[in-house]
Amino acid sequence: MKIAVCPGSFDPVTNGHMDIIRRASKMFDKVIVVVLTNFAKKANFTVEKRVELLEKAVQCFDNVEVDHFNGLLADYAKIRDAKFIIKGLRAVSDFEYEFQMAMTNSKLNPELETVFLTSNSDYMYLSSSIVRQVAQLGGDIHGFVPECIREEIIKKYSQGGIKSDS
Ligand code: COA
């Protein structure tokens, strides 16, 4: 069975992530979307909330599951018997950092291959921080995030914004 892990902070999941997840689900028998910690970033949504939003967003795929892990991606892949990491590349500027992560992960777990999918041109500009910023300032996030979670994100911000990791 070909198992791939699709890692990220997903703070929150965007339509750009969904495009990568959808395409990965066609390439692999099973795709595990895993919420991990990026130590360079301060989280806005709790891990539980990010998992909950992702679970709603991926419910239409029968071979995609959502999980979270507090540790190294390379270790998580080993535990789940996944041999592939799927990442989306939006622009050349993503490449250097992604290349460094792919090399590190393969040093830590030599069985791992990182597979890069080029982002759909519709989502090249999109990122989780863009979604947060627009929502926080009352802008329209229609088309930025899956419809089934849009209201929930707006509601969260309209209740006074999201404090760090709350
Ligand atoms: N479409 C739209 N947006 C995308 C995207 C896509 N296809 N791919 C990435 N993005 C966005 C993300 O939303 C994120 O936006 P933000 O910076 O506004 O939050 C940004 O691009 C960066 O994404 P990414 O490079 O995937 O970083 P991340 O923070 O989402 O995830 C981890 C990085 C969690 C996978 C990484 O830190 C990790 O593996 N952590 C675990 C610990 C570990 O193993 N460390 C060693 C790794 S070498």
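How many salt bridges does the structure hold? In this predicted model, the count comes to 15. Side chains of opposite charge can pair when their charged atoms come close. A few of these pairs are worth walking through, starting with the ones around Asp11.

Asp11 pairs with Arg50, with the closest N and O atoms 3.8 Å apart. This salt bridge spans distant parts of the chain, as Asp11 sits in the loop between β1 (3-8) and α1 (15-27) while Arg50 belongs to helix α2 (residues 47-57), 39 residues apart. Asp11 has a relative accessibility of 6%, so it counts as buried. Arg50 is buried too, with a relative accessible area of 6%. Asp11 also meets the side chain of Arg132 in a salt bridge, at 3.5 Å from N to O. Here the link runs between helix α5 (residues 128-136), which holds Arg132, and the loop between β1 and α1, which holds Asp11, and the two residues are 121 apart in sequence. Arg132 and Asp11 are both buried.

The backbone of that loop has some quirks of its own. Most residues other than glycine have a negative phi, and most peptide bonds are trans. The peptide bond from Asp11 to Pro12, however, is cis, with omega near 5°, and Pro12 lies in the loop between β1 and α1. Phe10, also placed in the loop between β1 and α1, is not a glycine, yet has a positive phi of about 50°. With a relative accessibility of 2%, Phe10 counts as buried. Another positive phi turns up at Asp81, where the value is near 60° and the residue is again something other than glycine. Asp81 is found in the loop between α3 and β4; at 49% relative accessibility, Asp81 counts as partly exposed.

Back among the charged pairs, Glu65 and Lys30 form a salt bridge whose closest N and O atoms are 3.4 Å apart. The partners come from distant parts of the chain: Glu65 is in strand β3 (residues 64-68) and Lys30 in strand β2 (residues 30-35), with their positions 35 residues apart. Neither is buried: Glu65 counts as partly exposed at 28% relative accessibility, and Lys30 counts as partly exposed at 22%. This pair is part of something wider, as salt bridges with shared partners join Lys30, Glu65, Asp67 and Arg80 into one network.

Turning to the nonpolar interior, nonpolar side chains tend to be buried together in soluble globular proteins. The largest nonpolar core here has 34 residues, and Ile21, Val33, Leu54 and Ile153 have the most contacts inside it. Two or more residues of this core come from each of β1, α1, β2, α2, β3, β4 (84-89), α5 and α6 (147-158). Val33 gives a feel for the packing: leaving aside neighbours within four places in sequence, its contacts include Cys6, Phe10, Ile21, Leu54 and Val66. Another core, of 12 residues, lies apart from the largest one and has Leu36, Leu73, Ile85 and Leu112 among its members.

Aromatic rings add five pairs to the picture. Phe28 and Phe84 form a tilted pair, because their ring centres are 5.1 Å apart and their planes lie at 45°. Phe28 is in the loop between α1 and β2 and Phe84 is in strand β4, so the pair ties together parts 56 residues apart in sequence. Phe28 and Phe84 are both buried. A second tilted pair is made by Phe69 and Tyr76, at 5.1 Å centre to centre with 50° between the planes. In this case Phe69 is partly exposed, with a relative accessible area of 23%, whereas Tyr76 is buried, at 2%.

Among the helices, α4 (residues 92-108) deserves a look. Its 17 residues reach 25 Å from first C-alpha to last, close to the 24 Å expected at 1.5 Å a residue. Even so, α4 has a kink of about 25°, centred on Glu98. Glu98 is one of the buried residues of α4, along with Asp94, Ala102 and Asn105. The cover over the buried residues of α4 includes α3 (73-79), β4 and β5 (113-118).

Finally, Gly139 is placed in the loop between α5 and α6 and is partly exposed, with a relative accessible area of 32%. Gly139 and Ile154 are 15 residues apart in sequence, and their C-alpha atoms are 9.2 Å apart in space.

How values were computed. Residues are numbered from 1 along each chain as its sequence is written. This is a predicted model: local features need pLDDT of at least 70, side-chain atom pairs count only at pLDDT 80 or more; totals for chains, interfaces and linings use all residues. Side-chain values use heavy atoms; hydrogens and water are left out. A salt bridge is a side-chain nitrogen of Lys or Arg within 4 Å of a carboxyl oxygen of Asp or Glu. Helices (H or I, at least four residues) and strands (E, at least two) are DSSP runs, numbered from the N terminus. Buried means under 20% relative accessible area, exposed over 50%, partly exposed in between (1.4 Å probe, protein chains only). A nonpolar core is a set of buried Ala, Val, Leu, Ile, Met, Phe, Trp, Tyr and Cys residues joined through side-chain atoms within 4.5 Å. Contact means heavy atoms within 4.5 Å. The expected span of a helix is 1.5 Å times one less than its number of residues. The bend at a residue is the angle between axes fitted to the seven residues ending there and the seven starting there. Rings of Phe, Tyr and Trp (its six-membered ring) pair if their centres lie within 6.5 Å; planes under 30 degrees apart count as stacked, over 60 as edge-to-face and the rest as tilted.
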